[in-house]
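Morning, everyone. Please look at the structure on the screen while I talk. I'll go through a few spots one by one.

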Amino acid sequence: MKQCGLLLVVFLSTIGMRAQDARSFSLNLYGGYNFSDSVDYDGYSATIEDAFQYGAGFEYFFSTNNSVELKYLRTDTKIPFYRPDGSQLNSGDDKGALNFILLDGTHYFDTGSNLLPYLGGGLGVGITETPQSGGGTYFAWNIKGGVKIKTASTVSVNINAYLQSMSAAVGNSYYWTYYGPIGVEDYVSTYQFGLGAVLSFNFKN
C-alpha cells in the first residue's frame, strides 16, 4: 500500500502541469458542512438544520490570478416549520434540499509560493425542495474566502469558508402615507455559513 501511494505521488509530480495558468480551466469537486439557520416571518419560523453540502464546478482562468466559475451545489437537510405557538407544522415530513446554481468570480493573491489566498463571490439561483410545498426557485448569492494549495501536478486542493443566501418574496406589507396606502413586498432570506474543501483537476488548453 505504501508503495502504491509513493508511485501515485511520483506520477502526479512528474506531470508537470501548473495548477493555474491563463486560459486554463479546472473541474472542481466540492464538499462542505453548512451550519443551521433560522427564518422568521409573521410569527411563523423555519429552521434549516446543519448538513453536508456537495457539488461540482467548471472554473476558467482568463488570467493567472482571476477566474470565473459555473458551479452547482446541493444540501440534503431537514427543514422543520413551526407555528407561532412553537408546535411543528411538518412533523415527520420535514426532509428537504437546497440547490444552488451560481456564477462566481474569484481573485487569487500571488504570494510567491504554492499557497494562494483568494476571495470571491457570485450570483445565481437557489432551488428549494420540500415534501409539503414542492419546490421554488429564488435569487441566490454567495461570498467565499480561502487558500488554494497548488501542486506541480494536475491536482490541487483548497480550504475555504463561505456564506450562502437565497431570498424569497412572501407577501406584502402596507403603509399609510399622505397619498394613501402603499404596498411593499416582503422578503425572507436564508444565510448559511459553511466550511469546506475543494479538489481541483486542472487542465490547459
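Let's start with one residue, F203. Is F203 buried or exposed, or something in between? Its relative accessibility is 39%, so F203 counts as partly exposed. The cut-offs matter here: buried means under 20%, and exposed means over 50%. F203 sits in strand β11.

F203 also has company. Which residues form a nonpolar patch on the surface with F203? They are L27, L29, L115, V147, I149, V157, I159 and L199. Together with F203, they have about 660 Å² of accessible area. Four elements give two or more residues to this patch: β1 (24-34), β9 (134-149), β10 (155-177) and β11 (180-204).

Now step back. This is a predicted model. So how confident is the predictor? The average pLDDT of the protein is 83. A score of at least 70 is reached by 79% of the residues. Where does pLDDT stay under 50? Look at residues 4-18. The model has 17 contacts beyond four places in sequence for that stretch. Where pLDDT is low, the predicted coordinates should not be read in detail.

Next, the overall layout. How many helices and strands does the protein have? One helix and eleven strands. Going from the N terminus, the helix comes first and the strands follow. The protein has 205 residues, and 38% of them are buried. About 11,500 Å² is exposed, with carbon and sulfur atoms supplying 64% of that area. Now take the contacts between residues at least 6 apart in sequence. Of these, 63% join residues at least 24 apart.

On to charges. Side chains of opposite charge can pair when their charged atoms come close. A search of the whole structure turns up five salt bridges. One of them joins K71 and D104, at 2.7 Å from N to O. K71 is in strand β5 (residues 66-78) and D104 is in strand β7 (residues 95-108), so this pair ties together parts that are 33 residues apart in sequence. Both K71 and D104 are buried.

Now find R74. Is R74 buried or exposed? Its relative accessible area is 17%, so R74 is buried. R74 has a salt bridge with D76, where the closest N and O atoms are 2.9 Å apart. D76 is at 39% relative accessibility, so D76 counts as partly exposed.

R74 also meets E129 in a salt bridge, again listed at 2.9 Å from N to O. That pair links distant parts of the chain: E129 is in strand β8 (residues 115-130) and R74 is in strand β5, 55 residues apart. E129 has 34% relative accessibility, so E129 counts as partly exposed. There is a network as well. Salt bridges with shared partners join E69, K71, D104 and K144.

Last topic: aromatic rings. How many aromatic pairs does the search of the whole structure find? Eight. Take Y33 and F35. Their ring centres are 5.4 Å apart and their planes are at 80 degrees, so this pair is edge-to-face. Y33 has a relative accessible area of 28%, so Y33 is partly exposed. F35 is at 33%, so F35 is partly exposed too.

F35 also pairs with F193. This pair is stacked, at 6.1 Å centre to centre and with 20 degrees between the planes. Where do the two partners sit? F35 is in the loop between β1 and β2 (37-41), and F193 is in strand β11. They are 158 residues apart, so to speak of distant parts of the chain is fair. F193 has 42% relative accessibility, so F193 counts as partly exposed. Put the rings together, and Y33, F35, F52 and F193 form one aromatic cluster.

One thing to take back to your desk: β11 holds both F203, from the nonpolar patch, and F193, from the stacked pair. Find those two on the screen. Thanks, that's me done.

Methods. Residues numbered from 1 in each chain as written. Heavy atoms only, no water. Patch = residues over 30% accessible without salt bridge, like charges linked within 9 Å, V, L, I, M, F, W, Y side chains within 5 Å. Areas by Shrake-Rupley, 256 points an atom, 1.4 Å probe, with all protein chains shown as cover. Salt bridge = Lys/Arg side-chain N within 4 Å of Asp/Glu carboxyl O. Buried < 20%, exposed > 50% of the residue type's maximum accessible area, 1.4 Å probe, protein only. pLDDT = per-residue confidence, 0-100. Contact = heavy atoms within 4.5 Å. Phe/Tyr/Trp six-rings, centres within 6.5 Å; stacked < 30°, edge-to-face > 60°.
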